[in-house]
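The following note is offered to a colleague who is meeting this structure for the first time. Please read the points alongside the sequence and the model.

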Amino acid sequence: RRCDNDGLNDHITNSVHEKEKNLPIIIMSSDKANGDAKHTATDPKTTVTEGNVRPSIILKMIRHAESANNQVYRDARYIYRGGTPEYDEAGWIQYVDSHRSADPSISDAGKLQAEALAKFLVPHLQAQASQPVQVVTSPMRRTLETIRPTLVGLAEANTRVSINVQAFYHESEGCHTKGKAESGMNPEQVTQVLKQGYKNQDSSSRVSMEFTGFPEDTQLGWYHGAKGEETRASSEERAAKFYLWLCEYLDEQLKSRKSDDNDHHDIFDAGVSIAGEENEDEHDKCARRLRKRRTCLLIGHGDFMSLVLKRIVTGFGHMVEREGIPHRSAFVHFNTGITEIEYFGRGRFLIMAHNQTPHIAASEYSKLRTGGSLKDGWSYIIPDEPLYAEVKVAFDDEELDDHVREQTKALKALYLKSGSISTKIDNSLEVEEQQEIETNHSSSPKRIKHFIVHRGLQVVGCATYSEDTGVVSDVAVRPSAEENVMETLMGAIKSHTRGLGRSDSLLVFPRAGEKKSLFEEMGFEEVEDEKQKKKLKKGN
């Protein structure tokens, strides 16, 4: 479906790209059925060589200018003493509900920020970006108003721009008033916002528009059908969806480069200079380049940009900790703050710079560098209290998730003499004790259990328990969490032994790094009699 609106060529596409047919096939031999399948039929080289060509696309993630809502929340924090013992929650809620907008415009300060951004981006993109300049933007009014001065400036400077209005790049919580969902703008309304400010139709015709993720009925807004305010879990799921879409959007361009170099001369290995580029200054963002590069601007929102960035940093390794629990970590952006990223294809990113504001002079910081400090409310997204402890039990280290195994190794390396996760109890004992245990229990196979205490995704304690010997070993606990975590850890081990029908005592042979006092606090008693020690070592 295609429509023309006063010179802006905007269209809605819902195309499905043809996927690669020759996908890698994972081959797992029978003797690897319980291990890791590490090789594929099209296994690429994993070594880094100087001879490899690494073409990339520049991404600039830009947070919107200050919105009227940003101003509302900032005023509410000041008036109702947010974050202090005098905090007036009822007053805060009433003030926000009466002043907040579901889809606000940018504030007066935001308009100045957007103009300053345009004064930087227009000459920068003219000098260093190829055409058309690509823009992916949230459908919310404040992002559209933020990028509009830049679009107008580029078009009037005879620079073509291609805009993709991405419906699922909106801010966390969605578009709502007091929890009631609002439809949001439809494509025609978005177009009306973006078309303002052009001096003539010739300029506006240089800007093409595409809408992704909108309802099929073009009269409906981008948030139509939502049940209300978006939950944290839904925001996280949408961030994964957008991350996947972004990778595909960029991968298609990198893939096309291979088939037609003439049309994709702007995608190349920028790490290699050619003749004529020897004196180019990488730090001068407005100096003209011999070769202009494929550049994509992503105009988004502070909280949702953080969710996407976490996935860019960790790929699909990122996980949601628990429903209702906010960020344990986050990326903070000022209003119009810029994070610059290089994308090399197939989910490979380099973050080159984070939260930069080169368009705001230092003399203007107090007035225009807003939205990126603790006083702007970023600390409110951090959990008030640590997550309660949970225990994960694994038969051996192969059953542990990769991130749990990595953290457990780090915990032992930091607080114990040996940093590896042992599947043998032997590693936790002194040499003489180790030999005696081996001799007295050599007739039975080793049965080892790993106990891992974690809060959310963070490992805070671990221990190994031998079902054969009753020995607890490799006990490592974060000092800041010693008391509660030790209690949880030992309680889980005791519960496990009762489940086995065993009533004998747990044994611990402390080694370097393991504090005897911690075990004593848990009810362990030190054995001083040498004869009794020998009996215990023999399993008696």
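1. Which residues does Leu 121 touch, leaving aside those up to four places away in sequence? They are Ile 62, Thr 150 and Leu 297. The reader should bear in mind that the model is a predicted one.

2. Leu 121 lies in helix 3, which covers residues 108–128. Its relative accessible area is 0%. Because residues under 20% count as buried, Leu 121 is classed as buried.

3. Leu 121 may also be considered together with Leu 154. These two residues are 33 residues apart along the chain, and their C-alpha atoms are separated by 8.8 Å. Both appear in the contact between helix 3 and helix 4, where Leu 121 belongs to helix 3 and Leu 154 to helix 4.

4. Helix 4 comprises residues 141–156, and its axis lies 8 Å from that of helix 3, at an angle of about 40 degrees. The two helices are therefore oblique to each other, and their crossing is right-handed. On the helix 3 side the contact includes Ala 114, Leu 117, Ala 118 and Leu 125; on the helix 4 side, Glu 145, Pro 149, Thr 150 and Gly 153 are among the residues met. As a general point, an α-helix has 3.6 residues a turn, so residues three or four places apart point the same way.

5. A second pair for inspection is helix 1 (residues 68–79) and helix 2 (residues 89–99), whose axes come within 10 Å and cross at roughly 155 degrees. That angle makes helix 1 roughly antiparallel to helix 2. The contact is made by Val 72, Tyr 73, Asp 75, Ala 76, Arg 77 and Ile 79 of helix 1, together with Trp 92, Tyr 95, Val 96 and His 99 of helix 2. Helix 1 passes helix 2 in a right-handed crossing.

6. Helix 8, residues 302–314, reaches 19 Å from its first C-alpha to its last, close to the 18 Å expected at 1.5 Å a residue. Helix 8 is mostly covered, with 11 of its 13 residues buried. Among the buried residues are Asp 303, Lys 310 and Arg 311, as well as Phe 304, Leu 307 and Ile 312.

7. Finally, the protein as a whole. It has 14 helices and 16 strands, and 45% of its 540 residues count as buried. Of the contacts between residues at least 6 apart in sequence, 75% join residues at least 24 apart. The protein exposes about 28600 Å², of which carbon and sulfur atoms supply 48%.

Notes. Residues numbered from 1 in each chain as written. Predicted model: local features only at pLDDT ≥ 70, side-chain atom pairs only at ≥ 80, totals over all residues. Heavy atoms only, no water. Helix = DSSP H or I, 4+ residues; strand = E, 2+ residues; numbered from the N terminus. Buried < 20%, exposed > 50% of the residue type's maximum accessible area, 1.4 Å probe, protein only. Contact = heavy atoms within 4.5 Å. Areas by Shrake-Rupley, 256 points an atom, 1.4 Å probe, with all protein chains shown as cover. Expected span 1.5 Å × (residues − 1). Axes fitted to C-alpha atoms, helices over the stretch in contact; angles between N-to-C directions. Parallel < 35°, antiparallel > 145°, perpendicular 65-115°, else oblique. Left-handed = near helix turned anticlockwise from the far one by under 90°.
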